[in-house]
Amino acid sequence: MDALTHDVRDGAASRSSAAGKLDSWKEMLDVLPVAAYLCDDAGAIVHCNRRAAEMWGRSPIVADDAPGSLPPRLARDTGRHLGVVDTPVGTFMRVGEPVRDREIILERSDGGRAIVLANVEPITDPDGAVLGAVGCFHDITERKRADHRQRALLDELNHRVRNALATVQSFADHTIRKCGASKEAQDDFEGRLVALSRAHDQLTRGCWDPIDLKTIIESAVVPSTGASPARLHVAGDSIRLGAQASLTLSLVFHELAANAAKFGALSSTDGRVAVTWTVREADRGPIVRIAWQEEGGPEVAPPRHRGFGTRLVEQGLARQLRGVAALDYDPAGLRCTMDIPLSSTPG
């Protein structure tokens, strides 16, 4: 009996000591500007701050809280109520690891809802034993609504742009045929319009986020390689470019690829194109140097006149990206070197 009494007293003393250590956290939670709550080592809520009570619509009734639970109707996930073990605290108690930025739907006692990011971090003693946990919610409802509105606006904009490009193509087809322009001129125009549309679709799929340079190059050049995409070699540092740089370079690489398919390396069965790039320091800040190299095609000679493609490569980079392009008509294969300031390609 004495041993049992001793064990009970030790357990009570241990719980009292743990509770005392958790008490020091309560004052800290009360001054936080975010919704925060405190749990004991069994996962039961023992305290919440004013911001949490406001967000939940009521303070938790500690005496009625089961281990690992949160206030009733607190969270839902993908349309279903979370079980106790699936709540942020329940997840922490089950796996023993912090919960970071978990998005859930919080249901208030008054029927209102909020989308929140939930976090749970352990509270340990100097020996590493878990005394409890502190959790917090960050309300992101307005941000999610703004994201939804922005997505809807982008979808509408993208739809209108696609319609506009289709209308332009229809007008152009009719005008070119009526004017008696050559089939080559018509194909060139349609190819450029398709390249612009493809670049725009690429941005649309990524919600206009920056795009990897490798993806930009492959999307613009692979259609000109026929059934042999292996004829294109692409290598360089990982660089993500903003919308303006993506559109400009898509058109530049389309012109280089179209020229290679007509007169250069891609017009020959054994021809290949290599595109490489590096980032280096320059007087005006970091630049990305891109090298286009053709080989295995017919002998190259300088053109008799500067066409639209040449002007787009040289002037497009200069006007849109403050870059410089140099074309070298080496008989063994066309080379094009481009230097573009990274400051003009925000990604």
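## Overview

A helix here is a DSSP run of H or I with at least four residues, numbered from the N terminus. By that definition Arg 162 belongs to helix α4, which covers residues 141–179. The model is predicted.

The secondary structure of the protein chain amounts to eight helices and 14 strands. Of its 347 residues, 37% are buried. Among contacts with a separation of 6 or more, 56% are between residues 24 or more positions apart.

## The five-stranded sheet

Five strands form an open sheet in the order β9-β11-β12-β14-β13, and the pairing is mixed. The edges are taken by β9 (232–236) and β13 (324–330); each has a single partner strand, so one side of each lacks a neighbour in the sheet. From one strand to the next the twist averages 10°.

At one edge, β9 runs parallel to β11 (residues 272–280), to which it is joined by five bridges. Within this pair, Leu 232 stands opposite Val 273 of β11, and Gly 236 has Trp 277 of β11 as its bridge partner.

## Antiparallel pairs and hairpins

The pairing of β11 with β12 is antiparallel and extends over nine bridges. Ala 274 stands opposite Gln 293 in β12. The two strands form a hairpin with six residues between them, in which Gly 285 takes a positive phi near 110°.

At the other edge, β13 is joined to β14 (residues 333–341) by seven bridges, and the two strands run antiparallel. This pair is also a hairpin, with two residues between the strands. Asp 330 stands opposite Gly 333 of β14.

## Helix α6 over the sheet and against α7

Helix α6 (residues 213–221) lies across three strands, β9, β11 and β12 (287–295), and runs at about 165° to β9. The same helix α6 also packs with α7, at an angle of about 40° and with the axes 8 Å apart. That angle makes α6 oblique to α7. The crossing of α6 and α7 is right-handed.

On the α6 side, the residues in this contact are Leu 213, Ile 216, Ile 217, Ala 220 and Val 221; they meet Ser 246, Leu 249, Ser 250, Phe 253, His 254 and Ala 257 of α7. By class, the contact of α6 with α7 has eight nonpolar residues, three polar ones and no charged ones.

## Helices α7 and α8

Helix α7 (residues 243–262) packs with helix α8 (residues 308–321) at about 160°, their axes lying 9 Å apart. An angle over 145 degrees counts as roughly antiparallel, and α7 is therefore roughly antiparallel to α8. The two helices pass each other in a left-handed crossing.

From α7 the contact takes in Gln 244, Ala 245, Thr 248, Leu 249, Leu 251, Val 252, Glu 255 and Leu 256, which meet Phe 308, Gly 309, Leu 312, Val 313, Gly 316, Leu 317, Gln 320 and Leu 321 of α8. The residues of the contact of α7 with α8 divide into ten nonpolar, five polar and one charged. Leu 249 of α7 appears in the contact with α8 and in the contact with α6.

## Arg 162 in helix α4

Arg 162 of α4 counts as partly exposed because its relative accessibility is 38%. Apart from neighbours within four places in sequence, Arg 162 is in contact with Asp 201 and Thr 204. Asp 201 is 39 residues from Arg 162 along the chain, and the C-alpha atoms of the two are separated by 8.6 Å.

## Positive phi outside glycine

Most residues other than glycine have a negative phi. Asp 101, which is not a glycine, has a positive phi of about 45°. Asp 101 is found in strand β5 (residues 99–107), and its relative accessibility of 52% makes it count as exposed.

Arg 322 likewise has a positive phi, near 55°, in a residue other than glycine. Arg 322 is placed in the loop between α8 and β13. With a relative accessibility of 45%, Arg 322 counts as partly exposed.

Methods: Residues numbered from 1 in each chain as written. Predicted model: local features only at pLDDT ≥ 70, side-chain atom pairs only at ≥ 80, totals over all residues. Heavy atoms only, no water. Pairing = 2+ DSSP bridges. Axes fitted to C-alpha atoms, helices over the stretch in contact; angles between N-to-C directions. Contact = heavy atoms within 4.5 Å. Parallel < 35°, antiparallel > 145°, perpendicular 65-115°, else oblique. Left-handed = near helix turned anticlockwise from the far one by under 90°. Nonpolar A, V, L, I, M, F, W, Y, C, P; charged D, E, K, R; others polar. Buried < 20%, exposed > 50% of the residue type's maximum accessible area, 1.4 Å probe, protein only.
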